[in-house]
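Me: I'm new to this one and would like to go through it piece by piece. Can we start once it's on the screen?

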2 protein chains.
Amino acid sequence: MKLYDSKLAPNPRRVRIFMAEKGVTCDNVQIDIIKGENLSDEFLAVNPRGLLPTLVLDDGTVIDESVAICRYLEETHPEPPLMGTDPVSKAQIESRQRHMEFDGLLGAAEAFRNSFPGFSSRGLAGNVGTIEAIPALAARGKATVSSFYESLDRDLGNSTYVAGEQFSIADITALCVVDFATGAARVAIPDSCENLIRWHENVSARPSAQA
Amino acid sequence: MKLYDSKLAPNPRRVRIFMAEKGVTCDNVQIDIIKGENLSDEFLAVNPRGLLPTLVLDDGTVIDESVAICRYLEETHPEPPLMGTDPVSKAQIESRQRHMEFDGLLGAAEAFRNSFPGFSSRGLAGNVGTIEAIPALAARGKATVSSFYESLDRDLGNSTYVAGEQFSIADITALCVVDFATGAARVAIPDSCENLIRWHENVSARPSAQA
């Protein structure tokens, strides 16, 4: 297998952590998003959407989208389970995973892409042509991230991990979102979010977090 | 089971169609989003995010997020399979399903929510407080939908359905996106998109499309 990857972006890290938790390794190709290598003819021949991560299997099958790549890895390497083990846990982990994406990652991406000078004409990710940044959307994204921190902090007062008492893909997405939001999107976690801070220290101490 | 549903919104329809394909029925509670019933104390006690659809199982377990609800139904009612049957088909259907959401639905929602007068202070869905509409985002959303039509039309020149030769959850999402985008978001499909138009007629003729 070969993973087209970017050390700078939050989505490829989700797959790297997922693979580290599973003990799976594969070839790695770094694509520099800031330089626009994801929009080169060479990479668009692999993934016409121009998005990372992208996994290519040994038979040439291409799988894109972080969660779909994780699904393939969960099916082929079931242990340890990271996407649930019965109908209810599978659904609830998927639900929480999506909360992290829709309530957190989208806002962080809006905050970053609409304020980073290098992306002033790349307001949306991937092979979508010229999209001018919208400053009001950067401000909205920052506010969304702040609300996300508060909501996640409340939820983490009731459970050890994002989707209950087991570490799961929902924690992986959340960790990548929080690190991207505090880093590139420049929204700090308030000191009052003690549950969130404790969880973040906990999951950041896992060896997979270095992936 | 009880489904909190809205006949007016695209996401609940995804679950209704999925259930119709599976032959599953359950109690139905209509929530009027335009009137803001999804933000009432009564509904927020069921789903604090204030979003539809939301499924409540007979033991009180709450599952939200369309795809997570579909996951539960796929696990408990495997036939006919709508989310793949082996690691590669599961991953590729999930990937295509997400393309429909991220490349199509997000843009259509941006176009609608930022131009519909009744949502002038509800720029984001759910229990997120006052979010002013951003007119530039409505314009960007319409452009995104137009690109989505072109891209989906190209892909449907190579396969009968969105994720290959089998009808799947990716077609259900795509149908709900296209009908929402042409309706509420007011972006017409160009006559040149012959593959998309043929596919749309095909999937719209399935009895489940009436759900």
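Me: Which residue in β3(A) does Tyr4(A) stand opposite?

Reply: First, some ground rules: this is a predicted model, where local features need pLDDT of at least 70, side-chain atom pairs count only at pLDDT 80 or more, and totals for chains, interfaces and linings use all residues. Residues are numbered from 1 along each chain as its sequence is written, while chains are lettered from A and ligands numbered from 1 in the order in which they are written. Strand β1 (residues 2–5) of chain A and strand β3 (residues 54–56) of chain A pair in the antiparallel sense over three bridges (strands are DSSP runs of E, at least two residues, and helices are runs of H or I, at least four, numbered from the N terminus; two strands pair if DSSP finds at least two bridges between them). Across from Tyr4(A) in β3(A) stands Thr54(A).

Me: What are the edge strands of that sheet in chain A?

Reply: Four strands make an open sheet with mixed pairing, in the order β2-β1-β3-β4 (chain A). An edge strand here pairs on one side only, and that goes for β2 (27–30) and β4 (62–64) of chain A.

Me: Where does Glu65(A), with its positive phi, have its place?

Reply: Glu65(A) is a residue other than glycine, yet its phi is positive, near 75 degrees. Its place is in the loop between β4 and α3 (66–76) of chain A.

Me: Over in chain B, are α1(B) and α3(B) roughly parallel or roughly antiparallel?

Reply: α1(B) packs with helix α3 (residues 66–76) of chain B at an angle of about 15 degrees, their axes 9 Å apart. Axes are lines fitted to C-alpha atoms, for helices over the stretch in contact, and angles run from 0 to 180 degrees between N-to-C directions. Angles under 35 degrees count as roughly parallel, over 145 as roughly antiparallel, 65 to 115 as roughly perpendicular and the rest as oblique. So α1(B) and α3(B) are roughly parallel.

Me: How many nonpolar residues does the contact of α1(B) with α3(B) have?

Reply: From α1(B) come Asn11(B), Arg14(B), Val15(B), Phe18(B), Met19(B) and Lys22(B), meeting Ser66(B), Ile69(B), Cys70(B) and Leu73(B) in α3(B) (contact means C-beta atoms, placed from the backbone, within 7 Å). Ala, Val, Leu, Ile, Met, Phe, Trp, Tyr, Cys and Pro count as nonpolar, Asp, Glu, Lys and Arg as charged, and the others, Gly among them, as polar. By class that gives two charged, two polar and six nonpolar residues.

Me: And how does α1(B) lie to α6(B)?

Reply: The axes of helix α1 (residues 10–22) of chain B and helix α6 (residues 169–182) of chain B come within 9 Å and cross at roughly 140 degrees. That angle makes α1(B) oblique to α6(B).

Me: Which residue has the C-alpha nearest the axis in chain B?

Reply: Chain B can be laid on chain A by a turn of 180 degrees and a shift of 0.0 Å along the axis, with an RMSD of 0.0 Å (least squares on C-alpha atoms of residues with pLDDT of at least 70 in both copies). The two copies are thus related as by a two-fold rotation axis. At 4.0 Å from that axis, the nearest C-alpha in chain B is that of Leu137(B).

Me: Which element gives the largest share of the side of chain B that touches chain A?

Reply: 26 residues of chain B are in contact with 26 residues of chain A. Elements giving two or more residues to this side of chain B are β4 (62–64), α3, α4 (87–113) and α5 (135–155) of chain B. The largest share, eight residues, comes from α4(B).

Terms used. Contact = placed C-beta atoms within 7 Å.
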